[in-house]
Amino acid sequence: ATPTRNGFANLRFQASSTVRLIIFLQGKIPQVLGKSLDEMLQNIQTLSKEDADLAIENNCVYEIRLEPWDLLWLPAGSICLEETVSGHLNYGVKIPFIDRTAAYIEHYKRSTELADANEKPSVEKMKEVCVMLADKLE
């Protein structure tokens with residue numbers, strides 16, 4: 001399981017191979033899955049049926065199949081489990097971006113809070129981005 005880089009949203013273009021993604025949205029994931037990013041990543045990898053059902057009920061988990069030439073938008077703070085379904089070479093492009101909508105800011109803020117619970121050094125920059133985004137929204 002890997003989060004989107006720096007918690008930003010991503011555009012993903014699949015150039016070759018077919019990939020199956022299970023996408024968890026940090027902004028909506030129930031606290032039962034973890035109070036920090038590291039705890040959440042660990043719990044997702046060992047997810048029980050009950051917790052998976054809770055995630056599905058809360059509309060925070062999606063299954064996507066990407067074929068060559070597909071384009072996918074991943075919301076801020078997404079966590080992805082990825083499996084190559086067909087093909088030997090899995091190529092594509094992931095482009096992070098920032099949006100200035102209230103929903104984006106809320107997802108990014110949640111992603112920052114989860115990373116902050118890990119006490120990672122990169123969180124200060126994420127907090128600065130949260131303040132900048134909130135200022136631009138007003």
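Of the 138 residues of the protein, 38% count as buried in this predicted model. The accessible surface comes to about 8100 Å². Carbon and sulfur atoms account for 54% of that surface. Contacts were also examined by sequence separation. Among contacts in the protein with a separation of 6 or more, 82% join residues 24 or more positions apart.

The protein contains 4 helices and 7 strands. From the N terminus on, the order of elements is β-β-β-α-α-β-β-β-β-α-α. The chain thus opens with three strands in a row and closes with two helices.

An open sheet is built from 3 strands. Their order is β5-β2-β7, and the pairing is antiparallel. Strands β5 (71–74) and β7 (92–97) form the edges, each pairing on one side only. Neighbouring strands of the sheet are turned against each other by 15° on average, direction ignored. Strand β2 spans residues 9–14. Its antiparallel pairing with β7 runs over 6 bridges. Within this pairing, Leu-11 has Ile-95 of β7 as its bridge partner.

The largest nonpolar core holds 12 residues. Phe-8 and Ala-9 belong to this core, as does Ala-76. Tyr-104, Ile-105, Tyr-108 and Ala-115 are further members. Val-123, Met-126, Val-129, Cys-130 and Leu-133 complete the set. Two helices, α3 (102–117) and α4 (123–137), each supply at least two residues of the core. The largest share, 5 residues, comes from α4. Apart from this core lies another, of 11 residues. Its members include Leu-41, Ile-44, Cys-60 and Ile-79.

Cysteines occur in both cores: Cys-130 is part of the largest one, and Cys-60 is part of the other. The relative accessible area of Cys-130 is 14%. This residue therefore counts as buried, the limit being under 20%. Cys-80 has a relative accessible area of 8%, so Cys-80 is buried as well. A disulfide is a covalent bond between the sulfur atoms of two cysteines. A search of the whole structure finds 0 disulfides.

Key: Residues numbered from 1 in each chain as written. Predicted model: local features only at pLDDT ≥ 70, side-chain atom pairs only at ≥ 80, totals over all residues. Heavy atoms only, no water. Core = buried A, V, L, I, M, F, W, Y, C linked by side-chain atoms within 4.5 Å. Buried < 20%, exposed > 50% of the residue type's maximum accessible area, 1.4 Å probe, protein only. Pairing = 2+ DSSP bridges. Axes fitted to C-alpha atoms, helices over the stretch in contact; angles between N-to-C directions. Contact = heavy atoms within 4.5 Å. Areas by Shrake-Rupley, 256 points an atom, 1.4 Å probe, with all protein chains shown as cover. Disulfide = S-S within 2.5 Å.
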